[in-house]
Amino acid sequence: MTNDVKESFNPDSPPAPAALAAKVRTLAPSMTRSMQRVAEAVAGDPAGCAALTVTGLAELTGTSEATVVRTARLLGYPGYRDLRLALAGLAAHQQSGRAPAVTADIAVDDSIADVVTKLAYDEQQTLADTAAGLDTVQLGAAVAAAATARRIDIYGVGASSLVGQDLAQKLLRIGLIAHAHMDPHLAVTNAVQLRPGDVAIAITHSGSTGDVIEPLRVAFDRGATTVAITGRPDGPVSQYADHVLTTSTARESELRPAAMSSRTSQLLVVDCLFIGVAQRTYETAAPALSASYEALAHRHTPRSR
């Protein structure tokens, strides 16, 4: 747990009520324990907390008024009054007739039908949280850089490397030069070759994976445009990223490690990035995509015996 949380208040764009719960889930792991208690309280009972004064919420969570205000600012609000308004909006949204949430963790003795239901709910929540928290200005800037890049390098290890490969394959099929590097040594030696006009993309849920941060740092130092896709926007990887795209994850459990839930949100961000690039490069992307389909068409045709 870190005690050095950066306040992320943006006075021009406080989060909408629907995005509040997503932001709490994303930022809570990097908060201090006292701020976590405040965040968990407002996410767990928005209606009840909306009725409390700053003093009342501080007493409820066993914290101080200063902690409540700091938490509100970290979540993107000018002060507690604005947070209360968002909580009231979130409470109204939750009471508007939605089906009750499925929140129980997957248990060893769950039926396969229950597993399907719980996983489907978690995947839907993860995607909704990621979409609500994704900064489209940052995404647009990353798209613009990738669309005109001489070369795109992508770094990821473990489950994130699978997402990196997915992005590289998509970009290659629309005629861009893109490579996904899973080996940390090759990642660094390739990053050394980058220069202004190139793009480097690091994918790390924790935001602190050394094997991903190192090549991104090298690319940053070489003048390439750098992008971080991470679930921890205040993590070390962000200091070497020109653009940060934040992902969200479902709750981790014994049978569903973070690698599974993080991959869902990463794939959504990757797809958004790819579609944006394809739109910007449509005149060349469309013929390239058609050519790739034609080149592989014979492999999908049943062979006659």
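Arg 217 is partly exposed, at 30% relative accessibility, where partly exposed lies between buried (under 20% relative accessible area) and exposed (over 50%), for a 1.4 Å probe and protein chains only. Its partner Asp 221 counts as exposed, at 53% relative accessibility. Arg 217 and Asp 221 both belong to helix H11 and stand 4 residues apart, about one turn of the helix. The model is a predicted one, in which local features need pLDDT of at least 70 and side-chain atom pairs count only at pLDDT 80 or more, while totals for chains, interfaces and linings use all residues. Residues are numbered from 1 along each chain as its sequence is written, and side-chain values use heavy atoms, with hydrogens and water left out.

**Salt bridges**

A salt bridge is taken as a side-chain nitrogen of Lys or Arg within 4 Å of a carboxyl oxygen of Asp or Glu. By this rule there are 5 salt bridges. Three of the pairs are tabulated with the distance between their N and O atoms.

| Basic residue | Acidic residue | N to O distance |
|---|---|---|
| Arg 150 | Asp 198 | 2.9 Å |
| Arg 151 | Asp 153 | 3.1 Å |
| Arg 217 | Asp 221 | 3.3 Å |

The bridge between Asp 198 and Arg 150 links distant parts of the chain, 48 residues apart: Asp 198 is in the loop between helix H10 (184-191) and S3, and Arg 150 is in the loop between H8 and S1. Asp 198 is buried, at 0% relative accessibility, whereas Arg 150 is partly exposed, at 37%. Arg 151 and Asp 153 are both buried. Asp 166, Lys 170 and Asp 271 are joined into one network by salt bridges that share partners.

**Overall fold and cores**

The protein has 13 helices and 5 strands, defined as DSSP runs (helices H or I, at least four residues; strands E, at least two) numbered from the N terminus. Of its 305 residues, 43% count as buried. Contact means heavy atoms within 4.5 Å. Among contacts between residues at least 6 apart in sequence, 72% join residues at least 24 apart.

A nonpolar core is a set of buried Ala, Val, Leu, Ile, Met, Phe, Trp, Tyr and Cys residues joined through side-chain atoms within 4.5 Å. The largest such core has 30 residues, and those touching the most other members are Ile 152, Leu 167, Leu 171, Ile 174, Ile 201, Leu 245 and Val 277. Two or more residues come from each of helix H8 (136-147), strand S1 (152-155), helix H9 (159-173), strand S3 (199-204), strand S4 (225-230) and helix H12 (258-280). Beyond its neighbours within four places in sequence, Leu 167 contacts Ile 154, Ile 201, Val 270, Leu 273 and Phe 274. A second, separate core of 24 residues includes Leu 20, Met 31, Ala 41 and Cys 49.

**Aromatic features**

Aromatic rings of Phe, Tyr and Trp (its six-membered ring) pair if their centres lie within 6.5 Å, with planes under 30 degrees apart counted as stacked, over 60 as edge-to-face and the rest as tilted. The whole structure contains 1 aromatic pair. Phe 220 and Tyr 240 form this edge-to-face pair, with 6.2 Å centre to centre and 65° between the planes. Phe 220 lies in helix H11 (residues 210-221) and Tyr 240 in the loop between S4 and strand S5 (243-246), 20 residues apart. Phe 220 is partly exposed, at 32% relative accessibility.
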